[in-house]
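Reader: Could you take me through one part of this protein slowly? I'd like to see how the pieces around it fit together.

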Amino acid sequence: MNEVIKSLRERRSIRKFKPDMVPREKIEAIMETGLYAASGRGQQKPIVIAVTDKALRDKLSKTNCEIGGWESGFDPFYGAPVVLIVLAPKDWPTYIYDGSLLMGQLMQAAHAEGFGSCWIHRAKEEFEMEIGREILKKLGIEGDYEGIGHCVIGYPVEIPEAAPRKEGRVYWLTGEE
């Protein structure tokens, strides 16, 4: 089987990470690969913010937990030490699609580098709140961005087996009917 296809089929969402930090050069490689994701008219509008500061990571986790309605103390980032936040400008017609493709590519790149990842939602809500506005201001990012998602990355504690693929999800129009 082609190695790319094999990798695409083997990637899993990880929901339990070791606390060990991912080396910066690996994070940079993952982000750089993510930036090669397809984008509407090739405009490359989405951006990525890497969070490796534990205090900020924990603050984001707490906010995400509150938005999600979980009990205090639950970590929606599952212990992952790295949070890559994808945002895209709201005024671009394909911003959600472009940001989603970037998220997928980040997860695949993390897998290819030997790390686990998981897409965590509620970035939209976080960046409508003060915490998100403060992050953008601190980084000097101007414009009206929407949070697309958090790609949490780290060393997996375990890699789950793939669930069987559901039947009846592929249809053909061949002109032979």
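Which strands does helix H2 lie across, and at about what angle to S2 does it run?

Author: Happy to, with one note at the outset: this is a predicted model. Helix H2, residues 24–34, lies across S1, S2 and S4, and its direction makes an angle of about 25 degrees with S2.

Let's look at the sheet beneath that description. Its 4 strands are arranged in the order S1-S2-S4-S3, as an open sheet with antiparallel pairing. Strand S1 (47–51) and strand S3 (116–120) are at the edges with a single partner strand each, so one side of each has no neighbour in the sheet. From one strand to the next, the twist averages 25 degrees. Between S2 (residues 82–89) and S4 (residues 145–154) there are 8 bridges, and leucine 84 faces cysteine 151 of S4.

Those two residues come up again in the packing. Leu84 and Cys151 join Ile30, Leu106 and Ile153 as the residues with the most contacts inside the largest nonpolar core, which has 21 residues. H2, S2, helix H4 (95–112) and S4 each give two or more residues to this core, and H4 supplies the largest share, 7 residues.

Now for isoleucine 30 itself. Setting aside neighbours within four places in sequence, isoleucine 30 contacts Leu84, Leu106, Ala109, Ala110, Glu113, Phe115 and Ile153. Another core, of 19 residues, lies apart from the one just described, and includes Val83, Leu87, Phe127 and Val152.

One more helix completes the tour: H3 (residues 54–68) lies across S1, S2, S3 and S4, at about 110 degrees to S1.

Note on methods
Residues numbered from 1 in each chain as written. Predicted model: local features only at pLDDT ≥ 70, side-chain atom pairs only at ≥ 80, totals over all residues. Heavy atoms only, no water. Pairing = 2+ DSSP bridges. Axes fitted to C-alpha atoms, helices over the stretch in contact; angles between N-to-C directions. Contact = heavy atoms within 4.5 Å. Core = buried A, V, L, I, M, F, W, Y, C linked by side-chain atoms within 4.5 Å. Buried < 20%, exposed > 50% of the residue type's maximum accessible area, 1.4 Å probe, protein only.
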